[in-house]
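Hi there,

Here is the structure I promised to pass on to you. Have a look at it first, and then read on for my notes.

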Amino acid sequence: MEYTRAKYVDRLVERKQNGLIKVITGARRSGKSYLMNELYYKYLLASGVPSANVIRFAFDADEDIDLLDSYFPDEETKLEQKNGIYYINAKKFRAYINDRINDKDDFYLLLDEVQLLDNFIGTLNGFLRHKNLDVYVTGSNSRFLSSDIATEFKGRGTIVHILPLSFSEYMQGQSISPQEAWKEYIRTGGIPLVAQMVGSDEKISYLNSLCEETYLKDIIAHNRIKKKTELADTFNIIASTIGSPVNVSKLTNTFKSVMGKDITDDTIANFIGYFEDAFVISKVSKYNIKGRKYIGAPFKLYFEDIGVRNARLNFRQIEETHIMENIIYNELRYRGFNIDVGEVNVSEKTDRIDINGKSIYAQKALEVDFIASKGDMKYYIQSALSMDDADKQLQEKKSLYYIDDSFKKIVVAKTGLKPSYDEKGVMVIDLFDFLMDNVEL
């Protein structure tokens, strides 16, 4: 099964020959290499680019590395480092590229695992001096995490971030209804390789291994973490908090009460940052809609892949409500929106009266699950698993009613019904219509 990943191909096409290095980021196994080396490569060929003008090179593939041996034969191709890590000789690689390009034709360099190239920043910046070279790169870990890229490329690169399969992409490989596919998607997620596996045991084993042998080991190695057990325990706590407002102090207290260990707020904050940098989780800030300002805490944490989240909890906590919220969050990111969590401060009449016989009002902060913004577009979106009765409908819509601007207010719920508007203009969309992009927002 080949997933087309059309939105990501389009984003690369939009950046074609823009004079910047196209940096494809994403968690391990999210499909970075396949997007660049297969899907975008096919696009280039289909658009008329000769195959000789598309140079693909993977710095972790021996068959590609061996091509460099004939250049400067007195020098080593692999420059050995500590702990068995190696870097590829940049001088040899530049000679290899220079042999394959000229000054008159356009060439496209598709470079995979480029962090394994010695002095890769200097080499890539050198390529930018050639106006006829269009450079695309992927990387994993080490100096290629989210917090490092902005520093390393200093305005010379543009980022295309790839997520695991969205639900609509996941459905490309299914012959069953969205309702049936949903049952497995909320359990094992959208990592492409996992989505193509048939057996449940195989999926679970792979996701468990991915968490332990790849994500955790990468984070530990990159950040030189000594408190390995505490990092793993924090991973578990984060996994159990999706969809819930949290702050660092609350996580620290949870750590102490559940694990029985002392740990500082700074350590927890650092751990969260490490998981963000590795594209395992996303931290979403809270925004006060009426006050028009960001609130430092609490915030929310969501997983880039729900299967990874479930694996950390041994598939014990499959709460559809919180998982659905996480998936809607990723869907909005997949569509290119910037996301905040919203808060609306309201004053509501209580049943109490003061000494003068007047009603007492209470101040409340109502939550809006997502504020989705892109350019001049903005949507306020609530995630609701069900809206079975009038009380539940009011509960889900209440915060939206207090927002007095003209941007669209939407509730995404498992209704099984066509989209509808209520008397106050709030739109209700069925979950699967939303995820399959069947409705124009």
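Below is what I found, grouped by topic. Please keep in mind that this is a predicted model.

**Salt bridges**

The whole structure holds 25 salt bridges. Several of them join up: Lys-286, Lys-300, Glu-325, Glu-343, Glu-367 and Asp-369 are linked in a network. Two pairs from that network are worth opening in your viewer, and both involve Lys-286.

The first is Glu-343 with Lys-286, where the closest N and O atoms are 3.8 Å apart. This pair links distant parts of the chain, with Glu-343 in strand 10 (residues 338-353) and Lys-286 in strand 8, 57 residues apart. Are these two partners buried or exposed? Glu-343 counts as buried because its relative accessibility is 14%, under the 20% cut-off. Lys-286 is buried as well, with a relative accessible area of 8%.

In the second pair, the side chains of Lys-286 and Glu-367 meet at 3.9 Å, N to O. Lys-286 belongs to strand 8 and Glu-367 to strand 11 (residues 359-374), so this salt bridge ties together parts that are 81 residues apart in sequence. Glu-367 is partly exposed, at 26% relative accessible area.

For a pair between sequence neighbours, try Arg-15 and Glu-14: their salt bridge has its closest N and O atoms 3.8 Å apart. Arg-15 is partly exposed, with a relative accessible area of 21%, whereas Glu-14 is exposed at 62%. As background, side chains of opposite charge can pair when their charged atoms come close.

**A patch of negative charge**

On the surface, Asp-60, Glu-63, Asp-66, Asp-69, Glu-76 and Glu-80 gather in a patch of negative charge. One of them, Glu-76, sits in the loop between helix 3 (62-65) and strand 3 (78-80). Glu-76 is exposed, with 58% relative accessible area.

**Backbone points to check**

Most residues other than glycine have a negative phi, and most peptide bonds are trans. With that in mind, here are the places I would like you to see.

- Gln-17 has a positive phi of about 55 degrees although it is not a glycine. Gln-17 is in the loop between helix 1 (6-14) and strand 1 (21-25), and it counts as partly exposed at 45% relative accessibility.
- Arg-292 also has a positive phi, near 55 degrees. Arg-292 lies in the loop between strand 8 (281-288) and strand 9, and its relative accessibility of 69% makes it exposed.
- The peptide bond from Ala-297 to Pro-298 is cis, with omega near 0 degrees. Pro-298 is part of strand 9 (residues 293-303).

**Helix 8 and its surroundings**

Which residues of helix 8 are buried? In this helix (residues 178-188), they are Ala-181, Trp-182, Tyr-185, Ile-186 and Thr-188. The buried residues of helix 8 pack against helix 7 (167-170), helix 9 (192-195), helix 10 (200-223), helix 14, helix 15 (320-334) and helix 17 (431-435). Helix 8 is followed by Gly-189, whose phi is positive, near 75 degrees.

Helix 14 (residues 306-312) brings us to Gly-307. Gly-307 is buried, with a relative accessible area of 0%. Not counting residues up to four places away in sequence, Gly-307 touches Arg-187, Thr-188, Gly-189, Leu-207 and Phe-315. Thr-188 in that list is one of the buried residues of helix 8, and Gly-189 is the residue that follows this helix. If you want a long distance to try out, Gly-307 and Phe-93 are 38 Å apart in space, C-alpha to C-alpha, and 214 residues apart in sequence.

**A buried threonine**

Last on my list is Thr-252, in helix 12 (residues 248-259). What does Thr-252 contact, leaving aside its neighbours within four places in sequence? Its partners are Ile-263, Thr-264, Asp-265 and Ile-268. Thr-252 is buried, with a relative accessible area of 2%.

Happy browsing, and best wishes!

Notes. Residues numbered from 1 in each chain as written. Predicted model: local features only at pLDDT ≥ 70, side-chain atom pairs only at ≥ 80, totals over all residues. Heavy atoms only, no water. Patch = residues over 30% accessible without salt bridge, like charges linked within 9 Å, V, L, I, M, F, W, Y side chains within 5 Å. Areas by Shrake-Rupley, 256 points an atom, 1.4 Å probe, with all protein chains shown as cover. Salt bridge = Lys/Arg side-chain N within 4 Å of Asp/Glu carboxyl O. Lys, Arg positive; Asp, Glu negative; His and termini not counted. Charge placed at Lys NZ, Arg CZ, Asp CG, Glu CD. Helix = DSSP H or I, 4+ residues; strand = E, 2+ residues; numbered from the N terminus. Buried < 20%, exposed > 50% of the residue type's maximum accessible area, 1.4 Å probe, protein only. Contact = heavy atoms within 4.5 Å.
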